[in-house]
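Good morning, everyone. Today I will walk you through one structure, piece by piece. Please look at the screen.

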Amino acid sequence: MTVPQQGIPLSVGQEAMWIAWELEPEQLSHIIPLPFVVRGELDVARLRQAVAAVGEAYPQLRAHVARTDDGPVLHWGQAPDIPVIERSVTAEVTEAVREAWQEPFDLRSGPLARVYVLRGPEYPTLLFVVHHLVFDGASVLIMLDAFRRAYAGEELRPADHREALTAFAHRSRELMDTATGDAHRAYWKRALGSGAPGRVLPPNRDAESRYTMFSADVPADLASQLRERAGELGCSYFTVLLGAYFAVLRRHSGADDLLVSIPFHGRTDPSLHDKMGYFVNPLPIRHRLHATDRYTDVVLGLRSAVKESLGHGELPLPAIMREAGFTGPQARAYTHQSLFQYWHAGQRDDVDVQRFELRSGDTSCVLSLMAMESTAGYTLAVMVREDSGGTHVLWKDPTGSVGLTAVAELAEDYLAILKTVAAGPEAALAPVLGDITGRPTPEPPTDLTIESAGTVSGMAAELAEMTAVWEEVLGIDGITPDDSFFELGGHSLLAEALTIRAGRQFGMEVPIRTLFTYPRLRDFTEQVLAAVVPVPVEETRADPATGLDGNELPASSFQQRIWLIEQSDMTARGNVCLAWRTPGGLEPEALGQALAALVEGHEILRTRFVERDGVLVQQVGEPWRPEIEQLDLRDVERCDDGITAWLTDAAERRFELGSGRLLRVAVADLGAAGQTLLMCVHHQVVDGESIPILLAELERCYAAVREGRSVEPPAVQYREFVAAQQAEQANGAWAADLRYWAEALSGAPAYLDVETSATPQEEGTVAIATVPGLLGRLQPVQAERGVSWFMVAAAALAVVLHRWSGRDDITFEAPIANRGLSQGRLAGVLGPCMNTVILRSTLRPGAVLADVLRQLRSASLDGFEHSRAPFAEVMDHLGAERRDGRSPFADIILNMNTRTSRRARLGGAELTPVVAESLAEHDKQFGLTVTLTEHEGELTGTLAHRGALLTVAEARQLADDLAKVLVDFADDINSPVR
């Protein structure tokens with residue numbers, strides 16, 4: 001990269017600041033004051049030398065902005081020194097400091113920093129003042145450390161910052177103006193939704209508007225309790241503080257739709273970590289609260305929103321606002337109402353802003369940081385500063401728009417809400433204050449342009465469309481607007497299918513979290529219409545450059561993983577066994593022709609898998625007709641044994657992956673008891689979500705054959721899924737997922753290391769003895785806690801594993817359908833699209849079942865939102881240790897089985913799925929696989945195990961323990977885990 005000799009280009013954020021200054025040179029919005037009370041002897045001569053040394057080491061502090069043909073640049077060649085100004089004052093120290101720092105900078109001449117020594121009736125004050133154009137929160141500690149060393153006489157070695165600053169400026173412009181920022185733009189469109197955000201601040205009730213600063217720190221004992229609650233909720237201390245801020249804004253403004261900005265550090269490039277400059281980017285967080293919310297709901301909802309926004313925080317704020325449709329001269333009146341800043345000033349051990357010691361020879365003094373009254377152009381800014389003195393909260397209303405009365409009330413209520421959260425975050429939100437109820441929310445100004453995706457009012461037609469989607473996905477008629485997804489028996493796989501189907505219906509991307517946050521049909525529809533921006537559907541087509549147009553194509557990540565498991569463990573099987581019972585009527589010839597048409601239509605059913613240089617590839621072969629094995633089981637007394645024998649043999653008999661024939665079929669004649677259609681398919685060509693598709697396609701082919709019609713080819717082929725997955729990888733779409741998993745699994749155990757027998761043990765499958773009506777018993781828990789029965793099962797399994805292993809930190813896998821690629825167009829593709837998310841449970845002393853459920857709910861939703869990156873890519877990114885015959889984080893699988901729920905009609909034969917333990921035999925390829933199946937409103941399950949991890953007796957005990965936790969879940973919700 002060529003570094004300009006005539007100056008450093010301004011980043012997008014810096015240029016916006018420069019333009020704002022040109023329009024209003026006297027503004028104070030971007031001036032950062034750092035006032036310190038001085039105790040001891042301050043050597044002013046040494047002070048001047050230290051300031052000069054810092055100015056030489058960090059010349060951007062002495063810079064000015066110059067215009068060039070290529071735009072404004074930052075110059076510091078032959079720049080003047082940073083001035084040190086001594087001043088005697090008579091005013092109170094806060095007023096004296098304010099008067100000094102509020103002197104505007106001249107950005108055209110510089111320098112952009114100055115230092116004051118203020119001597120008055122109170123302690124002497126040392127005041128650093130720097131313009132935000134070259135300075136941010138992280139720069140403070142860098143500058144103070146350099147100043148301390150220079151004051152002590154250490155020589156500072158000037159470094160050339162031009163290359164790093166230039167690269168950052170170019171990167172911001174690239175994200176702003178080119179396709180590099182497209183993924184970020186798409187995220188912000190979804191996150192900010194459509195329609196103008198409402199007023200989030202209470203009205204000013206004071207007689208006059210004046211400059212207002214109000215301090216109300218968090219007591220140490222309260223801060224300690226809040227940190228404990230943050231740990232229990234699996235979130236940061238900052239998120240708890242932010243959640244309370246959203247709650248207090250709702251209480252005082254009466255608004256449910258809130259938009260608050262938070263700063264993003266912007267130093268994603270490691271080369272910027274020690275650089276002084278302006279890298280921060282304000283990020284608007286939009287979140288809707290409801291009267292029925294608990295503080296837990298608010299905090300966990302914001303936890304996800306903040307994590308996602310930080311993952312897309314590089315996109316400059318002007319681009320974010322433009323993508324969200326917040327344009328027009330008055331847009332800032334709505335988008336810049338409130339800023340919530342959190343600055344951890346204790347991140348460096350050598351810089352304590354409360355006890356900052358300066359030494360020079362035999363003299364020394366200690367500096368203590370006062371309130372930092374800077375603002376960033378927001379109507380109300382709340383600055384939370386963390387240092388050795390505790391948590392300091394400064395409420396800043398520089399224009400008096402909110403007023404001292406309202407600010408003081410906000411600060412008082414904020415502490416009250418924090419105390420409520422500390423006492424128990426399950427408490428309901430504080431109610432909206434009565435005196436503001438019914439006050440009209442101001443309409444957006446006429447010159448504020450909002451690009452709207454739709455309107456909630458008059459949504460009867462859209463509600464009818466959404467009702468049809470719910471009824472189709474859930475298989476239930478007569479759903480009403482007030483029905484809840486959880487009360488209708490919804491679970492996580494159905495949630496994914498529903499959000500994909502809703503997205504296709506309305507031409508939008510619908511995050512799965514939207515359904516869990518707004519589980520009632522009416523609320524969900526409102527969110528889809530009002531808070532999600534339409535995204536154009538881009539069809540994925542085979543690209544000749546990828547090699548996907550021929551008969552050979554790469555294996556998907558999931559196929560590669562299954563193949564590696566079988567290669568490393570010769571006892572592993574990827575065989576999927578299926579069975580359907582019918583009173584009779586299957587026609588052998590019609591069934592044979594239908595199977596042949598099925599194979600011809602779907603490339604995946606005639607695909608060979610071969611190795612090339614250690615990598616698995618797919619070769620699409622010629623059509624073939626599966627042979628139908630005929631089983632004579634007309635002796636009713638032994639028919640079930642005969643079916644079980646065929647399924648057991650099929651589960652154990654290896655497929656030849658290079659044959660292209662990974663489907664076996666049999667029909668058992670049961671005499672008066674009817675017939676059973678049996679299938680065994682390899683996991684390389686189907687997953688759980690493919691089974692209903694396979695059955696529906698067989699039904700379609702069977703009908704066409706009997707009616708003498710040609711069979712139309714399917715709309716999509718599996719190769720399109722492979723192409724879409726490769727395109728995501730090439731476009732860097734997995735980067736946010738990989739960052740999430742690196743953080744979520746940091747320090748997590750990749751294997752459940754427990755004592756096992758030295759001799760090989762028997763493997764097998766045992767039933768989980770659930771009780772009739774179990775799903776009904778769980779529904780109140782689902783409705784109250786906003787969870788699916790899968791999340792309940794995950795929490796139950798976590799509890800059992802904690803008890804069995806004695807470990808407080810455990811992980812296990814959960815498969816997810818992963819069919820949302822290409823705007824849901826691939827939802828109906830036949831083939832394995834499945835991915836895996838890792839669920840982590842950590843126990844704290846005194847944890848109860850509700851704590852585990854809350855944690856697993858959060859882990860599930862976060863995992864679903866970051867499930868695009870394939871499991872293998874995540875493992876490679878983590879550098880996870882691999883052991884012979886075992887995969888990291890794959891010792892234990894929680895599998896939600898819905899593949900047997902689909903009925904079909906082949907001519908006169910109505911097929912009813914068979915639920916049997918023998919169908920789970922193939923699940924023993926992992927150490928422990930818990931499979932839960934919902935069938936006709938009942939929940940049943942099996943536990944399959946490998947002898948290397950469990951004995952038969954241990955497996956039976958685990959299955960019994962899991963059944964007991966599930967059955968007693970509602971009654972034991974507040975019982976200790978240990």
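Let me start with a definition: two strands pair if DSSP finds at least two bridges between them. Keep that in mind for the sheets. One caution too: this is a predicted model.

Now the first sheet. Strand S18 and strand S19, residues 615–620, are joined by six bridges, and the two run antiparallel. Look at one facing pair: threonine 607 sits opposite valine 620 in S19. These strands belong to an open sheet of three strands. The order is S16-S19-S18, and the pairing is antiparallel. Which strands stand at the edges? They are S16, residues 552–554, and S18, residues 607–612. Each has a single partner strand, so one side of each has no neighbour in the sheet. On average, neighbouring strands here are turned by 35 degrees against each other, direction ignored. A helix packs on this sheet as well: H21, residues 718–730. H21 touches S16 and S19, and its direction makes about 40 degrees with that of S16.

Next sheet. This one has six strands and is also open. Read the order with me: S20-S21-S22-S17-S28-S27. The pairing is mixed. S20, at 628–632, and S27, at 904–906, are the edge strands, and each pairs on one side only. From one strand to the next, the twist averages 30 degrees. Now zoom in on S17, residues 575–582, and S22, residues 675–682. How many bridges pair them? Eight, in the antiparallel sense. Within that pair, threonine 582 stands opposite glutamine 675 in S22.

Two helices lie across this sheet. H18, residues 588–601, lies across S20, S21, S22 and S27. H18 runs at about 145 degrees to S20. H20, residues 690–706, lies across S17, S22, S27 and S28. H20 runs at about 30 degrees to S27.

On to helix pairs. Two packed helices are described by the angle between their axes and the distance between the axes. I have three pairs for you.

Pair one is H2, residues 44–57, with H4, residues 137–151. The angle is about 130 degrees, and the axes are 8 Å apart. That makes H2 oblique to H4. The crossing of H2 past H4 is right-handed. Who meets whom? From H2 come Arg46, Leu47, Ala50, Val51, Ala53 and Val54. From H4 come Met143, Ala146, Phe147, Ala150 and Tyr151. By class, this contact of H2 with H4 has ten nonpolar residues, no polar ones and one charged.

Pair two is H6, residues 182–192, with H9, residues 295–311. Their angle is about 155 degrees, with the axes 10 Å apart. Why call H6 and H9 roughly antiparallel? Because angles over 145 degrees count as roughly antiparallel. H6 passes H9 in a left-handed crossing. His184, Tyr187 and Trp188 in H6 meet Ala305, Glu308, Ser309 and Gly311 in H9. That contact between H6 and H9 splits into three nonpolar, three polar and one charged.

Pair three is H22, residues 735–744, with H26, residues 871–878. Their axes come within 10 Å and cross at roughly 60 degrees. That makes H22 oblique to H26. The crossing of H22 and H26 is right-handed. Leu738, Trp741 and Ala742 in H22 meet Glu873, Val874, His877 and Leu878 in H26. The contact of H22 with H26 holds five nonpolar residues, one polar and one charged.

Now two backbone details. Most residues other than glycine have a negative phi, and most peptide bonds are trans. Glutamine 78 has a positive phi, near 55 degrees. Find glutamine 78 in the loop between S4, at 73–75, and S5, at 84–88. Then there is a cis peptide bond between glycine 110 and proline 111, with omega about -10 degrees. Proline 111 is in the loop between H3, at 93–101, and S6, at 113–119.

Last topic: confidence. The chain averages a pLDDT of 84, and 89% of the residues score at least 70. Where is confidence lowest and where is it highest? Lowest is helix H11, residues 332–335, at a mean of 72, and highest is strand S7, residues 125–131, at 97. Over residues 435–457 the pLDDT is below 50. Residues 531–548 also stay under 50. Where pLDDT is low, the predicted coordinates should not be read in detail. Thank you.

Methods: Residues are numbered from 1 along each chain as its sequence is written. This is a predicted model: local features need pLDDT of at least 70, side-chain atom pairs count only at pLDDT 80 or more; totals for chains, interfaces and linings use all residues. Side-chain values use heavy atoms; hydrogens and water are left out. Axes are lines fitted to C-alpha atoms, for helices over the stretch in contact, and angles run from 0 to 180 degrees between N-to-C directions. Helices (H or I, at least four residues) and strands (E, at least two) are DSSP runs, numbered from the N terminus. A crossing is left-handed if the near helix is turned anticlockwise from the far one by less than a right angle, and right-handed if clockwise. Contact means heavy atoms within 4.5 Å. Ala, Val, Leu, Ile, Met, Phe, Trp, Tyr, Cys and Pro count as nonpolar, Asp, Glu, Lys and Arg as charged, and the others, Gly among them, as polar. Angles under 35 degrees count as roughly parallel, over 145 as roughly antiparallel, 65 to 115 as roughly perpendicular and the rest as oblique. pLDDT is the predictor's confidence in each residue, from 0 to 100.
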